[in-house]
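Biologist: Please take a close look at one strand of this model and what packs around it. Then set that part in the context of the whole chain.

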Amino acid sequence: MSYSFLIGIKKDYTAEIIHDYKNSWLFSPIIWEVLSDKYIRDYVRTPYGYNKSFFGIDGNKIWLRTNEALNESSNLADRVCWELSNQQIFFSKDQQLVSRSIIDFVSQNKEYGKQESGVCPLEQVHITARFMEAANDISMLDGNMYPYFLLKNNSSDDTVESWFEKYDAEKDKTVAIPLYEKKENVTEFVVIEKRKIRFISNLDFQY
């Protein structure tokens with residue numbers, strides 16, 4: 001079974017897993033399904049009674065179109081959940097706002113992402129329970145220990161881990177590094193001010 005993870009970033013900009021969640025399909029893929037249906041329905045809807053998928057041949061186009069639409073949206077809950085699902089880094093000072101946004105996302109979007117069965121994802125108890133679990137864990141995060149956090153989508157992908165490690169030839173093993181040692185543009189910090197969102201890349205962030 002695949003897992004997703006709540007990852008805390010410490011004051012020294014190294015990272016560690018705080019919580020793990022069984023079945024990674026119950027959070028980020030639901031956000032993608034719901035928001036693509038909400039914002040680019042004419043593109044994802046097919047005449048055959050189902051939606052195009054992020055995991056299909058049009059996946060990249062769906063992501064780009066949804067991202068463009070979300071960048072123009074004033075709905076903070078949708079935007080926060082979209083950025084969470086894209087493994088962006090949030091400030092723990094915003095943890096209550098992020099937690100509230102997850103809860104609001106569920107209540108606002110129950111009609112979207114209808115499946116072939118006719119049921120919408122956010123009408124299903126086991127899915128909404130995962131969103132509430134993530135919201136609670138984020139609200140309870142120790143911001144003094146972890147000034148920043150992110151949600152890692154899937155245990156089968158080591159992209160996030162690669163931001164915080166490098167291969168040490170002398171030791172012939174992978175060692176932990178702080179994010180500021182990463183020389184490639186790999187992620188962004190999400191800055192929320194007056195309910196507006198902007199981004200700072202890991203290369204431009206003032207550590």
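Modeller: Strands here are DSSP runs of type E with at least two residues, numbered from the N terminus. Ile89 is found in one of them, strand β3. The model is predicted.

Start with Ile89 itself. Its relative accessibility is 0%, so Ile89 counts as buried, the cut-off being under 20%. Set aside the neighbours within four places in sequence. Ile89 is then in contact with Ile9, Tyr148, Phe149, Leu150, Leu179, Thr187, Glu188, Phe189 and Val190. The C-alpha atom of Ile89 lies 9.5 Å from that of Ile7, and 82 residues separate the two along the chain.

Move along the strand to Phe91. Phe91 also lies in β3. Its relative accessibility is 14%, so Phe91 counts as buried under the 20% cut-off. Beyond four places in sequence, Phe91 is in contact with Pro147, Tyr148, Phe149, Phe189, Val190, Val191 and Phe205. Tyr148 and Phe149 appear among the contacts of Ile89 and among those of Phe91. Phe189 and Val190 also appear in the list for Ile89 and in the list for Phe91. For a long distance, take Phe91 and Thr46. They are 45 residues apart along the chain, and their C-alpha atoms are separated by 39 Å.

Now step back to the loop ahead of the strand. Gln87 sits between α4, residues 76-85, and β3, residues 89-91. Gln87 is a loop residue, yet it counts as buried at 15% relative accessibility. Outside its sequence neighbours within four places, Gln87 is in contact with Leu150, Leu151, Lys152, Asn153, Val160, Trp163 and Thr187. Leu150 and Thr187 are in that list, and Ile89 is in contact with both as well.

The partners in the 187-190 range point to β7, which spans 188-193. Look at the loops on either side of it. Asn185 is in the loop between β6, residues 173-176, and β7. At 51% relative accessibility, Asn185 counts as exposed. Its contacts beyond four places in sequence are Ser201, Asn202 and Leu203. Asn185 and Gln124 are 61 residues apart along the chain, with 37 Å between their C-alpha atoms.

On the other side of β7 is Lys194. Lys194 lies in the loop between β7 and β8, the latter covering 196-201. Its relative accessibility is 82%, so Lys194 counts as exposed, over the 50% cut-off. Its phi is positive, about 55°, although Lys194 is not a glycine. Asn23 is another non-glycine residue with positive phi, near 65°. Asn23 is in the loop between β2, residues 15-22, and α1, residues 28-39. Asn23 is partly exposed, with a relative accessible area of 26%.

Next, the cysteines. A search of the whole structure finds zero disulfides. The sulfur of Cys81 has its closest cysteine sulfur in Cys120, 17 Å away, too far for a bond. A disulfide needs the two sulfur atoms within 2.5 Å, so this pair does not form one. Both residues are shielded. Cys81 is buried at 0% relative accessible area, and Cys120 counts as buried at 3%.

Finally, the whole chain. The protein chain has seven helices and eight strands. Its radius of gyration is 17 Å, close to the 17 Å that the globule rule gives for 207 residues, so the chain is as compact as a globular protein of that length. Along the principal axes, the C-alpha atoms fill a box of roughly 60 × 35 × 30 Å. Buried residues make up 49% of the 207 residues. Take the contacts between residues at least 6 apart in sequence: 57% of them join residues at least 24 apart. The chain exposes about 11,000 Å², and carbon and sulfur atoms supply 48% of that area. There are 25 positive and 31 negative side chains, and the centres of the two sets lie 4 Å apart.

To return to the strand: Ile89 counts as buried at 0%, and Phe91 counts as buried at 14%.

How values were computed: Residues numbered from 1 in each chain as written. Predicted model: local features only at pLDDT ≥ 70, side-chain atom pairs only at ≥ 80, totals over all residues. Heavy atoms only, no water. Helix = DSSP H or I, 4+ residues; strand = E, 2+ residues; numbered from the N terminus. Buried < 20%, exposed > 50% of the residue type's maximum accessible area, 1.4 Å probe, protein only. Contact = heavy atoms within 4.5 Å. Rg over C-alpha atoms; globule rule 2.2 N^0.38 Å. Areas by Shrake-Rupley, 256 points an atom, 1.4 Å probe, with all protein chains shown as cover. Lys, Arg positive; Asp, Glu negative; His and termini not counted. Charge placed at Lys NZ, Arg CZ, Asp CG, Glu CD.
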